[in-house]
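Here is an informal walk through a few spots in this protein. Have a look at the model first, then read on.

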Amino acid sequence: MDTSEQVPPGEQPPRPLEVPENPVGGDRLGECGLVLPSNAPVLPDDISAANWLLADLDSGAVLAGLDPHGRQRPASVIKVLLATVAAKELAPDSTVVATAEDVAQECTCVGLRNGATYTVEQLLQALVMASGNDVAHALARRLGGIPSAIRKMNALAAELGALDTRAVTPSGLDGPGTSTSAYDVALIFREAMKYPDFVKAVQMQRINFPAANGNGTVQVVNDNRMLTTYQGALGGKSGFTDDAQHTFVGAAERNGKRLVVVLLRGQQSPVRMTEQAARLLDYGFSLPPSASADPVGRLVEGAPQARKKTTEPRPTSTSAAVGGVANTADGPRNTAMEKAFGNVGGPITAVAGIGLLLVLGMYLRSRRAKAARAARASGTQPS
């Protein structure tokens with residue numbers, strides 16, 4: 001077990017995420033090995049990732065993959081999820097004041113200055129381009145605090161159908177229970193690309209960012225090499241931790257087709273991760289149209305609906321119990337009387353109540369009659 005999975009003394013480890021009864025996106029995506037279309041060409045060499053996936057960014061057709069729902073640690077590709085929440089909720093011109101806690105985050109860091117003010121647009125771009133953990137912490141605070149931001153990240157993942165994903169830090173630094181899959185990262189990146197602020201950030205090659213010493217600006221350069229080396233690159237995000245190893249998500253467009261590629265738990269050898277991604281993208285663009293027409297699976301449009309549980313039996317009339325036809329009409333069935341006494345006890349109780357009222361009425365009439373006789377005898381009338 002990696003050290004990042006160890007919980008502090010006295011705390012319980014998080015429960016494993018449930019595995020859906022049916023693999024999200026299609027049955028074949030539940031396979032643990034290679035998932036390829038029929039008559040698929042030979043895969044490119046030197047793909048080191050333990051899990052990968054290729055999909056059409058627009059139609060959602062999954063073209064190929066390796067253990068697509070296999071769960072791994074995300075490292076900094078989880079920042080795509082944080083960036084999506086930020087782009088969804090925060091105005092780009094709104095501001096954030098950096099704190100000492102932001103500055104003290106375990107780096108990779110962009111270089112925030114305690115007390116300095118930044119726009120959300122600046123932070124979002126620095127988050128995506130340079131993977132700043134200090135920036136991730138500052139944006140998470142702006143989203144209501146670290147626990148709130150993580151809840152929002154996980155809520156969005158669940159809403160999208162990314163059921164293999166659990167964020168435990170906003171930056172992707174490892175922690176107990178952190179999880180994602182190649183399929184989920186593709187879902188999340190596809191959602192992120194719907195937000196112009198994210199698209200602008202992920203495609204930006206360099207920006208001028210306020211210097212940490214307060215004097216002027218420094219250049220922040222996009223660390224995604226594919227932006228300048230791959231034809232039609234649309235942007236991407238890389239990540240690394242000791243426990244997650246290397247992770248990457250990226251997209252590209254050729255001849256009107258946009259593909260997304262995800263690699264998890266990879267190595268920078270025998271070729272760099274961005275080169276591995278490029279080879280898989282080339283493979284995807286070379287597949288025949290039939291691969292898109294009859295895909296191995298699909299990126300879903302939102303979480304699958306849970307099955308409705310029918311644990312409470314439908315009320316059955318007495319006549320049905322002895323062979324009659326049950327009353328199946330819809331409408332309120334469990335009245336207070338039925339709940340208290342059942343279908344048979346209700347009428348019996350009603351009859352008993354009526355009898356009691358009759359007896360009480362007769363008693364009162366008898367009392368009034370005696371009072372009237374006594375009044376006549378004394379020459380007075382009852383009040």
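## A helix pair, a loop residue and some cysteines

Let's start with Val202, which sits in helix H7, residues 196–203. Keep in mind that we are looking at a predicted model.

Is Val202 buried or exposed? Its relative accessibility is 1%, so Val202 counts as buried, the cut-off being under 20%. Leaving out residues up to four places away in sequence, Val202 touches Val128, Met193, Asn222, Leu227, Leu234, Gly235 and Gly236. There is also a link back along the chain: Gln125 is 77 residues from Val202 in sequence, yet their C-alpha atoms are 7.3 Å apart in space.

That brings us to the helix pair. Helix H3 covers residues 120–130, and its axis and that of H7 come within 8 Å, crossing at roughly 50°. That angle is neither under 35 degrees nor in the 65 to 115 range, so H3 and H7 are oblique to each other. The crossing of H3 and H7 is right-handed. On the H3 side, the contact is made by Glu121, Leu124, Gln125, Val128 and Met129, while H7 brings in Asp197, Phe198, Lys200, Ala201 and Val202. Sorted by type, the residues of this H3–H7 contact come out as six nonpolar, one polar and three charged.

Now for a loop. Thr178 is found between helix H5 (146–160) and helix H6 (182–192). Although it is a loop residue, Thr178 is buried, with a relative accessible area of 9%. Which residues is Thr178 in contact with, leaving aside neighbours within four places in sequence? They are Glu5, Arg73, Pro74, Arg166 and Val168.

Last, the cysteines. How many disulfides does the count come to? The answer is one disulfide, formed by Cys107 and Cys109 with their sulfur atoms 2.0 Å apart. As a reminder, a disulfide is a covalent bond between the sulfur atoms of two cysteines. The torsion about the S-S bond of Cys107 and Cys109 is about -95°, so this disulfide is left-handed.

Here is how accessible three of the cysteines are, Cys32 among them:

| Residue | Relative accessible area | Class |
|---|---|---|
| Cys32 | 62% | exposed |
| Cys107 | 53% | exposed |
| Cys109 | 24% | partly exposed |

Within the disulfide, then, Cys107 counts as exposed, whereas Cys109 is partly exposed. Back in the helix pair, Val202 is buried, and so is Thr178 in its loop.

Methods. Residues are numbered from 1 along each chain as its sequence is written. This is a predicted model: local features need pLDDT of at least 70, side-chain atom pairs count only at pLDDT 80 or more; totals for chains, interfaces and linings use all residues. Side-chain values use heavy atoms; hydrogens and water are left out. Helices (H or I, at least four residues) and strands (E, at least two) are DSSP runs, numbered from the N terminus. Buried means under 20% relative accessible area, exposed over 50%, partly exposed in between (1.4 Å probe, protein chains only). Contact means heavy atoms within 4.5 Å. A disulfide is a pair of cysteine sulfur atoms within 2.5 Å. Axes are lines fitted to C-alpha atoms, for helices over the stretch in contact, and angles run from 0 to 180 degrees between N-to-C directions. Angles under 35 degrees count as roughly parallel, over 145 as roughly antiparallel, 65 to 115 as roughly perpendicular and the rest as oblique. A crossing is left-handed if the near helix is turned anticlockwise from the far one by less than a right angle, and right-handed if clockwise. Ala, Val, Leu, Ile, Met, Phe, Trp, Tyr, Cys and Pro count as nonpolar, Asp, Glu, Lys and Arg as charged, and the others, Gly among them, as polar.
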